[in-house]
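Dear colleague,

I am handing over the structure below, together with some notes on what was found in it. Please keep the view open while you read, since the notes go from one part to the next.

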Amino acid sequence: ESKNNLFTATLPLRYGAGELQDMIDSLARLYESAPSLGHFLGMHTVGDDADTGQEDVFQHLLRHTLGRPRDLIMICAELSRSRMELDAERYREIVLEASGRNIVSNVFHEMAVFLRSLVDPKGRSRLFGLIPWNVLTRREIEAICCEFNGLGPEAAAGFREIQSTLEHPFCELYNCGLIGTVRDEPGGGVTRQQFKQPHDIVDCLEGCLPQADYYLIHP
C-alpha cells in the first residue's frame with residue numbers, strides 16, 4: 001500500500017531554499033519574538049569546520065537536513081532548548097547531533113519498506129563501520145559493498161559481473177538521500193553536490209547508484 005501511494009497517489013511538494021528560510025524566519029518571529037533565525041541565534045554566520053570561512057547560519061542548518069520542513073523544525077527545537085548557551089561552537093554541535101540522532105533515524109524508519117540491507121540498526125552499524133571517510137571513490141564503494149557481503153577485497157575487481165547477486169547498501173543510502181554525487185553544471189565552471197531529494201522518485205532497482213567518480217556521505 002505504501003508503494004502504491006508513493007508511485008500513483010501522491011502530490012510532490014518541492015520547497016526551495018528561500019521558501020524554507022522564510023518558513024523558519026516566520027517561526028522565529030512567532031515563537032521566539034525574533035525577526036529571523038539569525039537574530040534568534042545571536043549570529044548570522046558561522047565558521048565552517050576547517051575555519052577557513054564563514055557560512056550563513058541557515059545554509060549551515062539546511063545542508064544538515066534532507067530539505068524537508070520537519071527536519072529543520074526538529075533541529076530548531078533542539079536549538080531553542082539550548083538558547084541560553086548558544087555560541088558558534090555549540091550551534092554546530094547541536095546541528096550535527098540533532099541531524100545524526102533524529103533526522104537519520106527517522107529517514108530509515110520512513111523508508112523501511114524500500115530497504116533490505118539497512119532495514120535494521122545492526123545492518124546500518126555494520127555498513128557505517130566499513131566507511132573510512134566522507135568522500136568515496138567508485139572503487140572504494142565497490143570494495144566496501146563486497147566486504148559488506150562477506151567477500152574479500154579481490155572480489156571488487158569483478159564487481160560488475162557479480163553485483164546482481166549482492167546486497168546493495170549504497171543504493172539504499174542513495175534512495176534515502178544519505179549519499180550523493182558530485183556533478184558539473186551545464187556550461188562548465190561550477191561543480192555541485194547532488195543528493196536525492198524527498199520529491200524524487202525512489203528507484204528500487206539493484207545498481208541504482210549513479211555512475212560517478214566520487215560520492216559524498218551526507219553531512
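A convenient place to begin is D184, which stands opposite T191 in strand 5. Please bear in mind throughout that this is a predicted model.

Strands

The pairing of D184 with T191 in strand 5 belongs to a wider arrangement, in which strand 4 and strand 5 (residues 191-194) run antiparallel and are joined by four bridges. Strand 4 (residues 179-184) also runs antiparallel to strand 6 (residues 214-217), and here three bridges make the connection. Within strand 6, Y215 is the residue that stands opposite T181. As a general point to keep in mind when you look at these strands, side chains in a regular strand alternate between the two faces of the sheet.

Nonpolar cores

The largest nonpolar core holds 47 residues, and those that touch the most other members are L37, L41, L61, Y91 and F170. Two or more residues of this core come from each of helix 2 (17-32), helix 3 (37-41), helix 4, helix 5 (69-81), helix 6, helix 8 and helix 10, and the largest share, seven residues, is given by helix 6. If you would like to follow one of these residues, L41 is in contact with V57, L79, L86 and Y91, once its neighbours within four places in sequence are left aside. Apart from this core lies another, of six residues, which include C145, C146, A156 and L166. In soluble globular proteins, nonpolar side chains tend to be buried together.

Two single residues

Is H60 buried or exposed? H60, which is found in helix 4 (residues 57-62), has a relative accessible area of 2%, and because this is under the 20% cut-off, H60 counts as buried. Not counting residues up to four places away in sequence, H60 touches V46, E55, Y91, R92 and V95.

E154, by contrast, is found in the loop between helix 8 and helix 9 (159-162), and E154 counts as exposed because its relative accessible area of 61% is over 50%. The C-alpha atoms of E154 and A143 are separated by 8.4 Å, although the two residues are eleven places apart along the chain.

Cavity and pocket

Rolling a probe the size of a water molecule over the atoms shows where empty space is left. A search of the whole structure finds one cavity of 30 Å³ or more, and the volume of the largest cavity is about 80 Å³. Twelve residues line the largest cavity, and I141, F159, H168, C171 and L209 are the closest to its centre. Helix 8 (138-148) and helix 10 (169-175) each supply at least two residues of this lining, with helix 8 giving the largest share, four residues. By class, the lining of the largest cavity divides into seven nonpolar, three polar and two charged residues.

The second largest pocket contains about 330 Å³ of space. Of the 18 residues that line this pocket, those closest to its centre are V104, F128, I217, H218 and P219. Helix 6 (residues 88-110) gives five residues, the largest share of the lining. Twelve residues of the pocket lining are nonpolar and six are polar, while none is charged.

With best wishes

Key
Residues are numbered from 1 along each chain as its sequence is written. This is a predicted model: local features need pLDDT of at least 70, side-chain atom pairs count only at pLDDT 80 or more; totals for chains, interfaces and linings use all residues. Side-chain values use heavy atoms; hydrogens and water are left out. Buried means under 20% relative accessible area, exposed over 50%, partly exposed in between (1.4 Å probe, protein chains only). Contact means heavy atoms within 4.5 Å. On a 1 Å grid over the protein atoms alone, a cavity is a set of points where a 1.4 Å probe fits but cannot get out, and a pocket is an open set with protein on both sides within 12 Å along at least five of seven lines; lining residues have an atom within 4 Å of a point. Grid points are joined across faces, edges and corners, and a volume is the space filled by probe spheres set on the points. Ala, Val, Leu, Ile, Met, Phe, Trp, Tyr, Cys and Pro count as nonpolar, Asp, Glu, Lys and Arg as charged, and the others, Gly among them, as polar. Two strands pair if DSSP finds at least two bridges between them. A nonpolar core is a set of buried Ala, Val, Leu, Ile, Met, Phe, Trp, Tyr and Cys residues joined through side-chain atoms within 4.5 Å.
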